[in-house]
Amino acid sequence: MAEQSPPYWVLISVLFSSQPLTPTLAMTLHQVAFDLYRRGDTVQPVAGDLLTGKVHNLRKDVQMGSISGPAFEAEIETERGSGVVRFLLTRQGLEMMEAGPPQPLAPPRPKYLN
């Protein structure tokens with residue numbers, strides 16, 4: 001069975017968007033932001049089939065209600081025009097991504113060697 005990634009709303013929380021976000025766009029922004037977060041970089045270009053632009057690591061932690069995490073801003077061009085998206089990577093999503101895919105369980109060892 002193929003492993004699926006968590007839904008985008010677990011990984012990313014949008015603070016502001018001047019463009020409607022599709023699940024594909026949200027996951028693309030998440031992947032770029034997570035890469036920036038892990039490397040500690042400031043800016044990274046983003047490009048896809050229907051998207052071009054830049055994602056900026058704001059190097060701030062923000063909190064919205066009970067959701068908190070590092071903040072990012074994306075300047076994007078889509079088929080609907082240009083826009084800005086401000087979002088954060090959720091702590092829960094960061095923990096899930098850093099844990100990686102679940103490891104297969106080892107077969108149980110026999111109790112007795114004979």
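Two residues are in contact here if heavy atoms of theirs lie within 4.5 Å. With that in hand, let's work through some exercises on this predicted model.

**Exercise 1. Find which residues E73 is in contact with, leaving aside its neighbours within four places in sequence.**

Solution. Start by placing the residue: E73 lies in strand β4. Next, apply the contact criterion and set aside the neighbours within four places in sequence; what remains is K54, V55, H56, L58, V84, V85 and R86. Two of these deserve a second look. H56 is the bridge partner of E73, and the side chain of R86 makes a polar contact of 2.7 Å with that of E73. Finally, check the exposure: the relative accessible area of E73 is 18%. Buried means under 20%, so E73 counts as buried.

**Exercise 2. Work out the strand order of the sheet, and say which strands stand at its edges.**

Solution. Begin with the inventory: the chain has three helices and five strands, arranged from the N terminus as α-β-α-β-β-β-β-α. The five strands form an open sheet in the order β1-β5-β4-β3-β2, and the pairing is antiparallel. Now look at the two ends of that order. β1 (12-17) and β2 (43-47) each have a single partner strand, so one side of each is left without a neighbour in the sheet. To complete the description, add the twist, which averages 30° from one strand to the next.

**Exercise 3. Follow the chain from β2 through β3 to β4 and describe how these strands are joined.**

Solution. Take β2 and β3 to begin with. They run antiparallel with five bridges between them, and a hairpin of three residues makes the connection. Within this pairing, P45 stands opposite K54 in β3.

Then move on to β3 (residues 51-64) and β4, an antiparallel pair joined by eleven bridges. Two residues separate these strands in their hairpin, and G65 in the turn has a positive phi of about 65°. One of the bridges pairs M64 with I67 in β4.

**Exercise 4. Locate the helices that pack on the sheet and give their angles to the strands.**

Solution. Take helix α2 (residues 23-39) to start: it lies across β1, β2, β3, β4 and β5, and runs at about 65° to β3. Continue with helix α3 (residues 91-99), which touches β3, β4 and β5; its direction makes about 85° with that of β4.

**Exercise 5. Classify the aromatic pair in the structure and say which parts of the chain the pair ties together.**

Solution. A search of the whole structure finds one aromatic pair. Its members are F72 and F87, with 5.8 Å centre to centre and 20° between the planes. Planes under 30 degrees apart count as stacked, and the pair of F72 and F87 is stacked accordingly. Now place the two residues: F72 belongs to strand β4 (residues 67-78) and F87 to strand β5 (residues 81-89), so the pair ties together parts that are 15 residues apart in sequence. As a last step, look at exposure. F72 is buried, at 1% relative accessible area, and F87 is buried as well, at 0%.

**Exercise 6. State how much of the chain is buried and what its accessible surface comes to.**

Solution. Of the 114 residues, 33% are buried. The accessible surface of the chain comes to about 7900 Å², and carbon and sulfur atoms account for 55% of that area.

Technical notes:
Residues are numbered from 1 along each chain as its sequence is written. This is a predicted model: local features need pLDDT of at least 70, side-chain atom pairs count only at pLDDT 80 or more; totals for chains, interfaces and linings use all residues. Side-chain values use heavy atoms; hydrogens and water are left out. Helices (H or I, at least four residues) and strands (E, at least two) are DSSP runs, numbered from the N terminus. Buried means under 20% relative accessible area, exposed over 50%, partly exposed in between (1.4 Å probe, protein chains only). Accessible areas come from the Shrake-Rupley method with a 1.4 Å probe; for residues, only the protein chains shown count as cover. Rings of Phe, Tyr and Trp (its six-membered ring) pair if their centres lie within 6.5 Å; planes under 30 degrees apart count as stacked, over 60 as edge-to-face and the rest as tilted. Two strands pair if DSSP finds at least two bridges between them. Axes are lines fitted to C-alpha atoms, for helices over the stretch in contact, and angles run from 0 to 180 degrees between N-to-C directions. A polar contact is a pair of N or O atoms within 3.5 Å; within protein, one must be able to donate a hydrogen and the other to accept it, and residues adjacent in sequence count only if both atoms are side-chain atoms.
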